Amino acid sequence: MSQQRSATVTALTIAGSDPSGGAGIQADMKAMSALGAYAMSVITALTAQSTRGVAGVHAVPVDFVRLQMDTLLEDIVPDATKIGMLATAELADAVGEYLPGLTHTVLDPVMVATSGDRLLDEQAVGAVRRLCAKADLITPNLYEAAVLLGEEPAATLGELRNQAQCLRDLGARRVLVKGSHLSGDAGDAVDVYADADGVEILCGRRVDTQNTHGTGCTLSSAIASLRPRRATWLEAVRDAKDYLTGAIAHAEALGVGHGCGPVHHFYRVWIRAGW
């Protein structure tokens with residue numbers, strides 16, 4: 001007797017493109033595919049970048065982003081959506097119009113690349129703040145959380161907890177503040193999750209490597225693609241964090257690029273295949 005397959009999970013990423021394949025749309029689709037979701041994309045910006053940094057950003061015209069969204073949604077409504085790089089205020093506002101009609105939405109408020117390059121213009125920050133209140137979950141790193149709040153980056157776990165709560169006070173339903181750059185215990189990568197039920201401190205193994213290109217993109221996409229098959233957001237966040245830790249730990253095996261190399265999105269598949 002043949003075993004009945006579970007329904008396909010469809011996951012959409014709305015983000016910018018990375019030619020090196022380690023971040024942006026490319027990383028999102030790899031993570032979604034690695035975790036069993038059918039990945040789709042709407043491109044908001046083209047970047048000229050590599051593992052060494054970002055040389056330029058070209059925003060896609062708002063009307064064409066709308067056309068991509070409208071054409072896709074007339075045919076396929078995703079089970080989950082991740083929103084990443086939105087280079088301009090107009091793009092952020094346009095994408096925000098679609099969020100009420102989407103489920104399991106994760107906003108990664110991309111502002112600064114791992115390399116330190118700015119990916120969001122100043123005028124767009126206010127629009128991204130407005131977008132935070134429309135998404136089901138936002139996943140800023142500690143620097144992005146500080147920009148959204150107009151404060152200095154958190155220097156302690158207590159400050160990180162407070163900023164997560166402050167983001168909730170601003171209207172975000174659920175917040176995951178990534179504190180992996182937080183000074184403190186070198187043995188842990190600490191994130192703070194906050195929702196209506198309270199605050200959770202999520203500790204994971206810190207991997208000593210420079211191969212961290214696209215970690216934020218990968219984590220937010222992993223959460224989105226896992227959420228339709230998990231009972232709660234917190235469960236999806238925990239499983240996505242475990243997946244990312246493994247992807248970082250196996251990044252060395254790729255040996256791609258001469259800067260901050262990409263994480264290994266398909267490490268589980270490659271290990272099983274003996275590659």
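**Reading rings, helices and buried residues**

Visitor: Let me start with one residue: is Tyr243 buried or exposed?

Guide: Tyr243 is buried, with a relative accessible area of 1%. Keep in mind that this is a predicted model. The cut-off helps here: a residue counts as buried under 20% relative accessible area and as exposed over 50%.

Visitor: Okay, now the rings. How many aromatic pairs are there?

Guide: Two rings pair if their centres lie within 6.5 Å. By that rule the count comes to 2 aromatic pairs. Take Tyr243 and Tyr267: their ring centres are 6.0 Å apart and their planes sit at 25°, so the pair is stacked, since planes under 30 degrees apart count that way.

Visitor: Where in the chain do Tyr243 and Tyr267 sit?

Guide: Tyr243 is in helix α8 (residues 233–249) and Tyr267 is in helix α9 (residues 267–273). They are 24 residues apart, and the pair links distant parts of the chain. Tyr267 is buried too, with a relative accessible area of 8%.

Visitor: And how do the rings of Trp270 and Trp275 pair up?

Guide: Their centres are 6.3 Å apart and their planes are at 75°, so that pair is edge-to-face; the label applies to planes over 60 degrees apart. As for exposure, Trp270 counts as partly exposed at 35% relative accessibility, and Trp275 counts as exposed at 71%.

Visitor: Let's switch to helices. What describes two packed helices?

Guide: The angle between their axes and the distance between the axes. Try helix α2 (residues 62–73) with helix α3 (residues 89–96): the axes come within 10 Å and cross at roughly 25°. Angles under 35 degrees count as roughly parallel, so α2 and α3 get that label. As for handedness, α2 passes α3 in a right-handed crossing.

Visitor: Which residues of α2 and α3 meet?

Guide: From α2 you have Val62, Val65 and Arg66, and from α3 there are Glu90, Leu91, Ala94 and Val95. Sorted by character, the contact residues are 5 nonpolar, no polar and 2 charged.

Visitor: Which residues of helix α4 are buried?

Guide: Look along residues 122–132 and you'll find Ala124, Val125, Ala127, Val128, Leu131 and Cys132. What those buried residues pack against is α3, β5 (105–107), β6 (137–138) and α5 (142–149).

Visitor: Say I click on a single residue such as Thr10. Which residues is Thr10 in contact with?

Guide: First place it: Thr10 is in strand β1 (residues 9–17), and at 13% relative accessibility it counts as buried. Then skip the neighbours within four places in sequence, and Thr10 touches Tyr38, Met40, Ile76, Val77, Pro78, Asp79 and Ala80. Contact here means heavy atoms within 4.5 Å.

Visitor: Same drill for Ser221, then: where is Ser221?

Guide: Ser221 is in helix α7 (residues 215–226). At 0% relative accessibility, Ser221 counts as buried. Leaving out neighbours within four places in sequence, its contacts are Asp28, Ala31, Met32 and Lys82.

Visitor: Last one, a backbone feature. What is phi of His104 near?

Guide: It is near 50°, a positive value in a residue other than glycine. His104 lies in the loop between α3 and β5. With a relative accessible area of 22%, His104 is partly exposed.

Key
Residues are numbered from 1 along each chain as its sequence is written. This is a predicted model: local features need pLDDT of at least 70, side-chain atom pairs count only at pLDDT 80 or more; totals for chains, interfaces and linings use all residues. Side-chain values use heavy atoms; hydrogens and water are left out. Helices (H or I, at least four residues) and strands (E, at least two) are DSSP runs, numbered from the N terminus. Buried means under 20% relative accessible area, exposed over 50%, partly exposed in between (1.4 Å probe, protein chains only). Axes are lines fitted to C-alpha atoms, for helices over the stretch in contact, and angles run from 0 to 180 degrees between N-to-C directions. Angles under 35 degrees count as roughly parallel, over 145 as roughly antiparallel, 65 to 115 as roughly perpendicular and the rest as oblique. A crossing is left-handed if the near helix is turned anticlockwise from the far one by less than a right angle, and right-handed if clockwise. Ala, Val, Leu, Ile, Met, Phe, Trp, Tyr, Cys and Pro count as nonpolar, Asp, Glu, Lys and Arg as charged, and the others, Gly among them, as polar.
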